[in-house]
Amino acid sequence: MAKETAGQRLRLALEMFEFGERMQRARLRRMRPTATDKEIDDAIQRWLLDRPGAPLGDAPGRQSRRFA
């Protein structure tokens with residue numbers, strides 16, 4: 001098997017992130033069948049910003065504002 005390139009690994013990481021977000025959206029839809037698209041989008045945003053056990057991120061340093 002050929003060694004993966006950095007680009008292939010990045011593409012895989014992004015696909016995994018998108019898959020995780022789709023799974024969370026499906027979960028929220030099951031839990032809240034009457035929720036509007038805006039409510040689901042807001043819940044996804046909160047989920048992306050929530051860091052249980054690591055409120056400032058996974059490592060020491062400045063807190064990321066990427067999704068804020």
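**Note on the salt bridges of a two-helix predicted model**

1. At 37% relative accessibility, Asp-41 is partly exposed, since that class covers values between 20% and 50%. The model under review is a predicted one, and the side chain of Asp-41 is a suitable place to begin, because Asp-41 forms a salt bridge with Arg-25 in which the closest N and O atoms are 2.8 Å apart. This pair links distant parts of the chain, with Asp-41 in helix H2 (residues 37-49) and Arg-25 in helix H1, 16 residues apart.

2. Arg-25 has a second acidic partner to be noted, Glu-21, and the side chains of Arg-25 and Glu-21 meet in a salt bridge with an N to O distance of 3.3 Å. Both residues belong to helix H1 (residues 6-31), and because they are 4 residues apart there, about one helical turn separates them. Arg-25 itself is partly exposed, with a relative accessible area of 28%.

3. A further salt bridge joins the side chains of Arg-29 and Asp-37, at 2.5 Å from N to O. Arg-29 counts as partly exposed, at 32% relative accessibility. Asp-37, by contrast, is exposed, because its relative accessible area of 54% lies over the 50% cut-off. Elsewhere, salt bridges with shared partners join Glu-21, Arg-25 and Asp-41 into one network.

4. How many salt bridges does the model contain by the rule applied? The count comes to 4. Those discussed above include the bridges of Arg-25 with Glu-21 and with Asp-41, and the bridge of Arg-29 with Asp-37.

5. Is Gln-24 buried or exposed? Gln-24 is buried, because its relative accessibility is 12% and the cut-off for burial is under 20%. The residue is placed in helix H1. When neighbours within four places in sequence are left aside, Gln-24 is in contact with Ile-44 and Trp-47.

6. For the chain as a whole, the secondary structure comes to 2 helices and 0 strands. The protein chain has 68 residues, of which 13% count as buried. About 6100 Å² of the chain is exposed, and carbon and sulfur atoms supply 57% of that area.

Note on methods. Residues numbered from 1 in each chain as written. Predicted model: local features only at pLDDT ≥ 70, side-chain atom pairs only at ≥ 80, totals over all residues. Heavy atoms only, no water. Buried < 20%, exposed > 50% of the residue type's maximum accessible area, 1.4 Å probe, protein only. Areas by Shrake-Rupley, 256 points an atom, 1.4 Å probe, with all protein chains shown as cover. Contact = heavy atoms within 4.5 Å.
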